[in-house]
Amino acid sequence: FNTLNDECFLKLYDAFTRSEFGHEWPHLIGVDTCPYCNRNYTTTIKEKHIRPDYDHYFPKSKYPYLCVSLYNLIPCCKSCNCIKKDVDTKKEAFIYPFEQEYGNNYYFDLQVEDKITDLIDPSKKVGVSVKSIDGSCLPDYIDKSKNTLCIEQLYSSNYDYIKNVILLCMVYNNDFIKSLYINFPFLSTQKFSLEDLLFLNKLSKDDWIKRPFSKLTHDIVLRYFNK
């Protein structure tokens, strides 16, 4: 009897993923990038039946009766969905994107030389680690998540992007910003952040979900901009 019920729930989930609502839902709730890693877009193309993966926060292999609960479905990238797999989040701490986040209390710390010559040198790598602003230990849900999803290793592999953002921070200064407003006066009337334009990303916390690497970019700019 229980097995039959489990199969019914799994069939409902299969029907949901093939439905129009199943394809539209990530877009409807405003998930444009993977909420686990913020490294990949979660694009939906209905005409081609392309949508993000759905991670079951409480894995459907262990809790099939939750497999069609919208509170249990996390639109995410394929990498995070594959890595997380059957982590039993009822027994192990893990970030729940609908309620928890890295936010401003935790940041990406860089292990990189500040010298321009070192930043240009392709042999110089960049290390990335997640740290707490106040120096305290990371809460279990962040520590477990970053380790399971290999966040620090994955971010460190994007050292070219990190170096470019740091170099832009060194190039942009107050005089440069003033010259932009002088040469392009319409910028002062636009409803967007000039820093977003300069770094081609979303630096406001409310917009981090809209572009890949937005949290990382924000933390780099906060450290290096106008240094």
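H49 is exposed, with a relative accessible area of 61%; here exposed means over 50% relative accessible area, buried under 20%, and partly exposed in between, using a 1.4 Å probe on protein chains only. You'll find H49 in the loop between α2 (20-28) and β1. Helices (H or I, at least four residues) and strands (E, at least two) are DSSP runs, numbered from the N terminus. H49 isn't a glycine, and yet its phi is positive, about 60 degrees. Most residues other than glycine have a negative phi.

Before going on, a word on what you're looking at: this is a predicted model, where local features need pLDDT of at least 70, side-chain atom pairs count only at pLDDT 80 or more, and totals for chains, interfaces and linings use all residues. Residues are numbered from 1 along each chain as its sequence is written, and side-chain values use heavy atoms, with hydrogens and water left out.

Now compare H49 with F213. F213 also has a positive phi without being a glycine, this time of about 65 degrees. It sits in the loop between α9 (194-199) and α10 (214-224). Is F213 buried or exposed? F213 is buried, at a relative accessible area of 11%.

Let's step back to the whole chain. It has 10 helices and 4 strands, and if you read along the sequence the order is α-α-β-β-α-β-α-β-α-α-α-α-α-α. The C-alpha trace spans about 70 × 40 × 30 Å along its principal axes. Of the 227 residues in the protein chain, 42% are buried.

Start walking from helix α1, where T17 is found. T17 is buried, with a relative accessible area of just 8%. Its C-alpha is 14 Å from that of K60, and the two are 43 residues apart in sequence. Then comes S19, in the loop between α1 (2-18) and α2. S19 is partly exposed, with a relative accessible area of 24%. How far is S19 from L194, C-alpha to C-alpha? The answer is 40 Å, for a pair 175 residues apart along the chain.

Next up are the strands. In β1 (residues 53-56), D53 and D55 point one way while Y54 and H56 point the other way, and all of them are buried. Strand β1 runs antiparallel to β2, and 4 bridges join the two; strands count as paired if DSSP finds at least two bridges between them. One of the partnerships is that of D53, whose bridge partner in β2 is C76.

There's another antiparallel pair further along: β3 (residues 106-111) and β4 are joined by 6 bridges. Look for Y107, which stands opposite K131 in β4. Strand β4 (residues 127-132) is mostly covered, with 5 of its 6 residues buried. Over in strand β3 you'll meet D109, which is buried at a relative accessible area of 14%.

From D109 you can hop to I162: they are 53 residues apart in sequence and 11 Å apart in space, C-alpha to C-alpha. I162 is one of the buried residues of helix α7, along with K163, V165, I166 and C169. Why do these residues end up on the same side of α7? They cover an arc of only 160 degrees around the axis, so they share one side; the arc is that of the directions from the helix axis to the C-beta atoms. As for its length, α7 (residues 159-171) has 13 residues and reaches 18 Å from its first C-alpha to its last, close to the 18 Å expected at 1.5 Å a residue. That expected span is 1.5 Å times one less than the number of residues.

Finally, have a look at the largest pocket, which has a volume of about 580 Å³. On a 1 Å grid over the protein atoms alone, a pocket is an open set of points where a 1.4 Å probe fits, with protein on both sides within 12 Å along at least five of seven lines, and lining residues have an atom within 4 Å of a point. Grid points are joined across faces, edges and corners, and the volume is the space filled by probe spheres set on the points.

Which residues lie nearest the centre of this pocket? They are P35, P97, Q100, E101 and I209, out of 26 lining residues. Strand β2 (73-76) and helix α6 (151-156) each supply at least two residues of the lining. By class, the lining has 17 nonpolar, 4 polar and 5 charged residues. Here Ala, Val, Leu, Ile, Met, Phe, Trp, Tyr, Cys and Pro count as nonpolar, Asp, Glu, Lys and Arg as charged, and the others, Gly among them, as polar.
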